[in-house]
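Good morning, everyone, and thank you for making the time. Please take a moment to look at the sequence and the structure on the screen, and then I will walk you through them.

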Amino acid sequence: ERKGVPPDVLELAFPPLREVETEEQRGPELEYVEGHPLSLARSWEIEGARLTYRLDPGRRWSDGRPIRSRDVAFTFALLMDTTLALPLSSVTERLDSLTTPDDSTVVLHFAEAYPGMLFDTGIGILPSHALSDVPGSAWTGGMPGLDPAHPDALPVSGPFRLSAWGSDRIVLARNEASPSPALLDRVVVDVIPDETTRARALSAGEIHAAPFDSYPAAASVTG
């Protein structure tokens with residue numbers, strides 16, 4: 001993850017193990033459902049303080065390599081590394097360990113059972129075969145393992161691939177290799193750290209959507 005880019009934007013290229021229900025499946029309350037077209041796991045099971053994910057064996061990275069439990073273990077190991085202090089590392093505070101009995105099974109062992117076990121493990125999974133050799137120090141600045149001149153060379157698993165990656169703009173293009181290709185040709189993400197500037201750009205129609213952390217900034221949007 002990089003500063004200024006919402007995790008849900010990165011999830012367009014690196015979706016999590018589980019997703020919330022689709023529009024057609026949606027009920028009165030937000031729920032996690034098995035069989036979501038973007039979920040990397042086809043099912044899961046909670047037994048006390050243990051959460052088991054079973055990956056969809058048919059899912060592949062955009063370079064054709066299969067998505068395996070080692071990718072999940074690699075991603076969580078990064079978050080559990082206290083020397084890196086990555087933005088989403090707090091989701092692993094209650095996680096004791098992770099095991100991979102086989103290529104399609106991931107078992108998360110928590111210190112104790114709690115309601116947010118599924119929620120906290122909903123992070124984008126990274127390709128271990130492409131990033132395992134990246135030194136730890138590289139994870140604190142930008143997207144490691146990414147060649148800005150050829151961002152589409154980094155394997156993805158979501159409906160979008162990385163088409164351009166700059167300091168102030170990211171462009172996502174449709175990933176035709178995805179089991180659920182995006183309906184849009186591309187998504188342009190302007191990185192605007194300042195909320196006031198973000199609100200002005202949204203009001204002026206320069207951007208179509210923007211996240212806000214504070215109510216005053218959101219309330220200032222006009223038009």
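Before we begin, one term needs to be clear: when I say that two residues touch, or are in contact, I mean that they have heavy atoms within 4.5 Å. I should also say at the outset that this is a predicted model, and that the chain averages a pLDDT of 86, with 89% of the residues scoring at least 70. Among the elements of the chain, strand β4 has the highest mean pLDDT, at 98, whereas α1 has the lowest, at 74.

Let me start with the overall layout. The chain has six helices and seven strands, and if you follow the elements from the N terminus, you will read them in the order α-β-β-α-β-β-α-α-β-β-β-α-α. Of its 223 residues, 42% count as buried, and the accessible surface comes to about 11900 Å², half of which, 50%, belongs to carbon and sulfur atoms. If we take the contacts between residues at least 6 apart in sequence, 46% of them join residues at least 24 apart.

Now to the inside of the model. In soluble globular proteins, nonpolar side chains tend to be buried together. Here the largest nonpolar core has 44 residues, and the members that touch the most others are L17, L51, Y53, F76, L108 and W139. Several elements each supply at least two residues of this core, among them β1, β2, β4 and β5, while α2 gives the most, with five residues. As an example, consider L108, which touches, leaving aside residues up to four places away in sequence, a group including L51, Y53, F76 and L95.

Let me finish with a single residue, T105, which is found in strand β4. Is T105 buried or exposed? Its relative accessible area is 12%, and because buried means under 20%, T105 is buried. Which residues does T105 touch, if we do not count those up to four places away in sequence? The answer is T52, Y53, S69, T99 and T100, and you will remember Y53 from the core. The side chain of T105 also makes a polar contact, at 2.8 Å, with the side chain of D102. Finally, T105 and D56 are 49 residues apart in sequence, and their C-alpha atoms are 9.5 Å apart in space.

Note on methods: Residues numbered from 1 in each chain as written. Predicted model: local features only at pLDDT ≥ 70, side-chain atom pairs only at ≥ 80, totals over all residues. Heavy atoms only, no water. Core = buried A, V, L, I, M, F, W, Y, C linked by side-chain atoms within 4.5 Å. Buried < 20%, exposed > 50% of the residue type's maximum accessible area, 1.4 Å probe, protein only. Helix = DSSP H or I, 4+ residues; strand = E, 2+ residues; numbered from the N terminus. pLDDT = per-residue confidence, 0-100. Areas by Shrake-Rupley, 256 points an atom, 1.4 Å probe, with all protein chains shown as cover. Polar contact = N/O pair within 3.5 Å; in protein donor to acceptor, adjacent residues only side chain to side chain.
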